[in-house]
2 protein chains.
Amino acid sequence: MATRTDAPTRREQILKEAARLFAERGFHGVGVDEIGAAVGISGPGLYRHFPGKDAMLAELLVGISDSLLTGAKRRLAEADGATGSGADAGGPGAVLDSLIEGHIDFALDDRPLITLHDRELDRLRDADRKMVRQLQRQYVELWVGVLREVYPALAEPAARSAVHSVFGLLNSTPHLGRPGSLPGRAVTASLLHRMARGAFAAVGEA
Amino acid sequence: MATRTDAPTRREQILKEAARLFAERGFHGVGVDEIGAAVGISGPGLYRHFPGKDAMLAELLVGISDSLLTGAKRRLAEADGATGSGADAGGPGAVLDSLIEGHIDFALDDRPLITLHDRELDRLRDADRKMVRQLQRQYVELWVGVLREVYPALAEPAARSAVHSVFGLLNSTPHLGRPGSLPGRAVTASLLHRMARGAFAAVGEA
DNA sequence: CAGGGCGGTTAGCGGTCGTTAACCTGAGGG
DNA sequence: CCCTCAGGTTAACGACCGCTAACCGCCCTG
């Protein structure tokens, strides 16, 4: 796949600005005119790119969930391949670290999307909501499986609760102040990573 | 103060139902007619109790923030008194445990309010929003102070980030399934408590 | 150089929302 | 016995919102 250096298409501009606005003021709190103005066109011009306001939210939420799940699957496969072929410092702990790292990257780089992800799900039409819910569930179950490999004594319901709670922890990035006031991306990522591991350890090594 | 055994007043009914509805569908997603219907009166009847829809949200959010801060101050005072008078198993660690316990109680018992608390803040008028923000900031700083007593090596910005992140963890209760599907309140509370302590330890004992 | 369609524009429609106005009723006190 | 007033009701207004209709210019192609 080519790393895209192209200018973003108009459609992508719209999605990005819509995500920001939805995250800031809520889906119902943003008008189509505002979304249009954010990309330099006005109101109804959006309907050349999307069938409606709902469709923008749907594409955003499905995209987020799918991207998270796809990334996690890729990391899982990479780690399994590594541990299978060579005797490096891998193992289930490394896979868990990789999942955490991926989620943190997402939470730090796409804050508006992380905000929308657990906030505006109920505004979707039934079909879209079911799809997003299914992707989210797969993502959670993937984490639960890896977590229980690291801590085999952990029962499944507890593992699931722990995963949801750590998502809450990692998704707290929007509350950590604007990107400028952060002590640096790497520092924040490391802090979140250690806290997530600590939280898991506290419930897994009971 | 008398522990209230009275039937809830109409005003309290309205606030409770409004909180539930706002949490479910967002502030802009709920009409005044629905709030009225939820308490058995209809639409404009609400204006005998509140000057407007905004005022309901404002009272809810200020109430939450104030209640959290007041409870935390009380716990801090109680713990300080205990450690000051006798040589029991207290100390800053016990204070931190008490803060965590209080926050968990709130997150488990008032899920709609916890949801609103970090979701609809921007819908407030400037004055109200400033007040809520100030209460929230005091609450955070109180936690930061206690946390840095437990882990003196922890720098202040890191401590503040850690507190926000643990709030994210504790406030994940709305995602843990409906109250019925939980493995029992005490079990969930214990799990959250251990995870919070583990997360703090992981960043404090670096 | 004609023409078609992509990507815009403005005007406006229908519905919904928060709020106000005007009216009503039943209980309590002088 | 009347008056007041708290706590409702319905009707309606004005604003806003999502979306459609109708129109238009530019670029690309045959």
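User: What makes B:Val32 a polar contact of a phosphate oxygen of DNA strand C?

Analyst: This is a predicted model, and the distance is computed from it. A backbone N or O atom of B:Val32 lies 2.9 Å from the phosphate oxygen. The cut-off is 3.5 Å, so the pair counts as a polar contact.

User: Which side chains of chain A have an N or O atom at a phosphate oxygen of DNA strand C?

Analyst: A:Arg10 is one, with a polar side-chain atom 2.6 Å from such an oxygen. A:His49 is another, and its side chain has an N or O atom at 2.9 Å. Both values are within 3.5 Å, so both are polar contacts.

User: Which residues come nearest to DNA strand C?

Analyst: There are 15 residues around DNA strand C. A:Arg10, A:Arg48, A:His49, B:Tyr47 and B:Lys53 come nearest. Of the strand's atoms within 4 Å of the protein, sugar and phosphate account for 52%. By class, the residues of this surface are six nonpolar, five polar and four charged.

User: What makes B:Arg10, B:Ser42 and B:His49 polar contacts of DNA strand D?

Analyst: Take them in turn. The side chain of B:Arg10 has an N or O atom 2.7 Å from a phosphate oxygen of DNA strand D. For the side chain of B:His49 the value is 2.8 Å. B:Ser42 uses a backbone N or O atom instead, at 3.0 Å. Each distance is within 3.5 Å, so each pair qualifies.

User: Which residues come nearest to DNA strand D, and what does the protein meet there?

Analyst: A:Tyr47, A:Lys53, B:Arg10, B:Arg48 and B:His49 come nearest, out of 15 residues around DNA strand D. Sugar or phosphate makes up 50% of the strand's atoms within 4 Å of the protein, and bases make up the rest. The surface has six nonpolar, five polar and four charged residues.

User: How do you know what relation links chain A and chain B?

Analyst: Superpose chain A on chain B. The rotation is 180 degrees, the shift along the axis is 0.0 Å, and the RMSD is 0.1 Å. That is why the relation is called a two-fold axis. The same surface serves both copies, with 100% of the contact residues of chain A recurring in chain B.

User: How many residues are in contact between chain A and chain B, and how much area is buried?

Analyst: 30 residues of chain A are in contact with 30 residues of chain B. The buried area is about 2500 Å², and carbon and sulfur atoms give 64% of it. On the side of chain A, A:Arg119, A:Ser165 and A:Met195 lose the most area, together 20% of what that side buries.

User: How many salt bridges and polar contacts lie between chain A and chain B?

Analyst: The rule finds zero salt bridges across this interface. It does have nine residue pairs in polar contact. Helices α1, α7 and α8 of chain A each supply at least two residues of the side that touches chain B. α8(A) gives the most, with nine residues. By class, that side has 13 nonpolar, ten polar and seven charged residues.

User: What makes A:Glu59 and A:Arg11 a salt bridge?

Analyst: Their closest N and O atoms are 2.8 Å apart. The cut-off is 4 Å, so the pair is a salt bridge. A:Glu59 lies in helix α3 and A:Arg11 in helix α1 of chain A, so the pair ties together parts that are 48 residues apart in sequence. Over all chains, the search finds 30 salt bridges.

Conventions. Residues are numbered from 1 along each chain as its sequence is written. Chains are lettered from A and ligands numbered from 1 in the order in which they are written. This is a predicted model: local features need pLDDT of at least 70, side-chain atom pairs count only at pLDDT 80 or more; totals for chains, interfaces and linings use all residues. Side-chain values use heavy atoms; hydrogens and water are left out. A residue is near a molecule or strand if one of its heavy atoms lies within 4 Å of it. A polar contact is a pair of N or O atoms within 3.5 Å; within protein, one must be able to donate a hydrogen and the other to accept it, and residues adjacent in sequence count only if both atoms are side-chain atoms. Ala, Val, Leu, Ile, Met, Phe, Trp, Tyr, Cys and Pro count as nonpolar, Asp, Glu, Lys and Arg as charged, and the others, Gly among them, as polar. Copies are superposed by least squares on the C-alpha atoms of residues with pLDDT of at least 70 in both. Contact means heavy atoms within 4.5 Å. Buried area is the accessible area (1.4 Å probe) that two parts lose on being put together, summed over both. A salt bridge is a side-chain nitrogen of Lys or Arg within 4 Å of a carboxyl oxygen of Asp or Glu. Helices (H or I, at least four residues) and strands (E, at least two) are DSSP runs, numbered from the N terminus.
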